[in-house]
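Hi,

Here's the structure I said I'd pass on. Have a look at it first, and my notes follow underneath.

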Amino acid sequence: ALPILKTNSFFELTAALVLACGTVCFGQTRTWTGGGDGISWTDAANWNGAILPGPADDVVITSGAGTLVVISATDVTVQSIQCSKALTLSGGSLTLTVGSSQFSGAFAISNDASLTVSGTGASFTASGATTSADASFYATGGGAIHLPNLKNVTIGKDNPVWEADGSGSRVDLSSLTNLTMGYYEVLYVEGYNGGTVDLHRLQNSTGSVQVDARDAGSVVDLSGLGGRWKSTASSSLSLEAQTGASIRIPNVTQLENVSLRLDNTGDISTAQLNMLTNVSLTVDGSAPNFGRVTNIDDTWVYALNGGVARLTNVVQVTIGKDNPVWQANGADSRVDLSRLTNLTVGYYEVL
């Protein structure tokens, strides 16, 4: 039999390993003290134990010195954050991976910064005053971002991305009503693999918004937009839905300066549309409803792989710029302009 001393030593060693793993292998709760400069996330002296939060840590910013915490031009990954102070993310990135992060203080994100929430059950909610300028949002792997007090967004530089990728992933911008964009900027809105980007209260957008939705269950909801939607920027609008994804624009009746593409079972609200001017329209293996469309001036039309672009309420077309193409390519593909009686082509244009 082993001596008792060795048995005790075994348990002592086990206890030591458990304690060591508790400080190294498992995350800690890192609490803001503000004992350094009282503002910078990257000042270790602002945290208990003078240790910066790491990827396995949960963060609490509810006490300590200072009223504002700033993450500037650095990349931060933690499990979660509970924050009642104001927090500003200016440049760099913040990634949250586990549990529910709650921000009750003011939250500001700007200067090409990105917020990522990744993982099933991971979420971020900013219930305080919220501002966003030139910022990207990513919800992946079942993560969710909720910004219930964000009503206005400005994009004046860079080309941000708002993306939900993965079943249950959600970028909830359902309170946003106004989007102001610079002439040369592009906003990419993306729903992939069952993700949802909720913009259903957005009413005003004149810049270049490029929407890409793919895979069954993916949704980009823009149902608050109405009337004519056009890009007045250097780039066109783009709406592309593929393989079971959906882009909801049921109140938009006219599209101008747009690339519009429906592939296979991809769905974009089209039955209410009555005008497609200066549009690149592609139907690839699908036959969407364009029954109300009467105007396709300066518009390209492509029917591919058995797709049908049925435009039978168009009786006259004017081509005054560029050189559009009307093309049917593939068995059973069809561009149906069978009621067209008048075609006016400008002197320097070619159809």
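Let me start with two tryptophans: Trp41 and Trp47 are both buried. Bear in mind as you read that this is a predicted model. The two rings form an aromatic pair in an edge-to-face arrangement, with 4.9 Å from centre to centre and 65° between the planes. Trp32 belongs here as well, since ring pairs link Trp32, Trp41 and Trp47 into a cluster. Across the whole structure there are 8 aromatic pairs.

Right beside Trp47 in sequence is a residue I'd like you to look at, Asn46, which sits in the loop between β1 and β2. Is Asn46 buried or exposed? With a relative accessibility of 0%, against a cut-off of under 20%, Asn46 counts as buried. Its side chain reaches the backbone oxygen of Ser40 at 2.8 Å. Leaving out neighbours within four places in sequence, Asn46 is in contact with a run of residues including Thr31, Trp32, Asp37, Ile39 and Ser40, along with several glycines, among them Gly34 and Gly36.

Now for the strands on either side of that loop. β1 (residues 29-31) pairs with β2 in the parallel sense over 3 bridges, and Arg30 stands opposite Val59 in β2. On its other pairing, β2 runs parallel to β5 (residues 80-83) over 4 bridges, where Ile61 is opposite Cys83. What are the two faces of β2 like? Val59 and Ile61 make up the covered face of this strand (residues 58-61), while Asp58 and Val60 lie on the uncovered one. That fits the general rule that side chains in a regular strand alternate between the two faces of the sheet.

There's also an open sheet of 7 strands with parallel pairing, in the order β3-β6-β9-β12-β15-β18-β21. Its edge strands are β3 (68-72) and β21 (204-205), each of which pairs on one side only. β3 pairs with β6 (residues 86-90) in the parallel sense over 5 bridges, and within that pairing Ile71 stands opposite Leu89.

Last, a word on confidence. The mean pLDDT of the protein chain is 93, and 93% of its residues reach 70 or more. The stretch to treat separately is residues 1-25, where the pLDDT is below 50 and the model shows 4 contacts beyond near neighbours in sequence.

Cheers

Technical notes: Residues are numbered from 1 along each chain as its sequence is written. This is a predicted model: local features need pLDDT of at least 70, side-chain atom pairs count only at pLDDT 80 or more; totals for chains, interfaces and linings use all residues. Side-chain values use heavy atoms; hydrogens and water are left out. pLDDT is the predictor's confidence in each residue, from 0 to 100. Contact means heavy atoms within 4.5 Å. Two strands pair if DSSP finds at least two bridges between them. Buried means under 20% relative accessible area, exposed over 50%, partly exposed in between (1.4 Å probe, protein chains only). A polar contact is a pair of N or O atoms within 3.5 Å; within protein, one must be able to donate a hydrogen and the other to accept it, and residues adjacent in sequence count only if both atoms are side-chain atoms. Rings of Phe, Tyr and Trp (its six-membered ring) pair if their centres lie within 6.5 Å; planes under 30 degrees apart count as stacked, over 60 as edge-to-face and the rest as tilted.
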